[in-house]
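Let's walk through this one together, starting with a cysteine and ending up in a pocket. Have the sequence and the model open as you read.

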Amino acid sequence: MQTPYEILGESGISDVVQAFYQLMDSRPEYAEIRAMHGDDLSAVSAQLSLYLTSWMGGPPVYVERNGSMCITAAHRGLGIAPRHSQQWLDCFAEALAQRSDADRVTAMLLPALRRITDMLQQPAA
């Protein structure tokens with residue numbers, strides 16, 4: 001069985017991330033999660049591409065640059081609620097849906113991504 005990285009490659013991952021942030025930046029249903037980011041999405045887009053490359057079975061480019069695959073610290077203090085996790089997943093699924101192999105990669109990725117987004121949720125204050 002191929003890894004997501006073997007299916008998508010760095011170029012495919014980059015395309016998905018670009019589509020993800022384009023959707024987040026333009027669709028009103030993603031406005032809440034868009035507001036958690038700065039005006040310029042280029043740095044966060046590059047970081048997500050590196051993270052996904054490593055996480056999906058590619059070279060350890062994220063760790064080489066950041067020293068760890070732990071993403072909880074970067075999300076601490078954002079007040080991520082279940083609705084934000086769902087918005088993120090919906091946006092990512094929509095970005096994946098633009099691919100010809102969408103069913104295959106969505107089935108592989110979304111269950112694991114849900115576990116990550118659930119882990120990043122923070123209790124209400």
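## Cysteines, rings and a pocket

Start at C70, which is partly exposed, because its relative accessible area is 48% and that class sits between the 20% and 50% cut-offs. Keep in mind that we're looking at a predicted model. Now jump to C91: here the relative accessibility is 0%, so C91 counts as buried. If cysteines make you think of cross-links, recall that a disulfide is a covalent bond between the sulfur atoms of two cysteines. How many disulfides does the structure hold? The count is zero.

On to the aromatic rings. A pair of them is described by two things, the distance of the centres and the angle of the planes. Counted that way, with centres within 6.5 Å, the model has five aromatic pairs. One of them joins F20 and Y21, with the ring centres 4.8 Å apart and 75 degrees between the planes. That pair is edge-to-face, because its angle is over 60 degrees. Are F20 and Y21 buried or exposed? Both of them are buried.

Another pair brings together W88 and F92, and this one is stacked: the centres are 5.1 Å apart and the planes are 5 degrees apart. Where do these two residues sit? You'll find both in helix α6, which covers residues 82-96, and they are four residues apart there, about one turn of the helix. W88 has a relative accessibility of 19%, so it counts as buried, since the cut-off is under 20%. F92 has 1% relative accessibility and therefore counts as buried too. Put the four residues together and you get a cluster: ring pairs link F20, Y21, W88 and F92.

Two of those names come back when we turn to the largest pocket, which has a volume of about 650 Å³. It is lined by 28 residues, and the closest to its centre are Y21, H37, V44, H75 and W88. So which elements give two or more residues to this lining? They are α3 (42-55), α4 (61-66), α5 (72-75), α6 and α7 (102-120). Of these, α3 gives the most, with five residues.

And what is the lining like by class? It has 19 nonpolar residues, eight polar ones and one charged residue. To tie things up, Y21 and W88 belong to the ring cluster, and both are also among the residues closest to the centre of the largest pocket.

Key. Residues numbered from 1 in each chain as written. Predicted model: local features only at pLDDT ≥ 70, side-chain atom pairs only at ≥ 80, totals over all residues. Heavy atoms only, no water. Phe/Tyr/Trp six-rings, centres within 6.5 Å; stacked < 30°, edge-to-face > 60°. Buried < 20%, exposed > 50% of the residue type's maximum accessible area, 1.4 Å probe, protein only. 1 Å grid on protein atoms, 1.4 Å probe; cavity = no way out; pocket = protein on both sides within 12 Å on 5 of 7 lines; lining within 4 Å. Points joined across faces, edges and corners; volume = space filled by probe spheres on them. Nonpolar A, V, L, I, M, F, W, Y, C, P; charged D, E, K, R; others polar. Disulfide = S-S within 2.5 Å.
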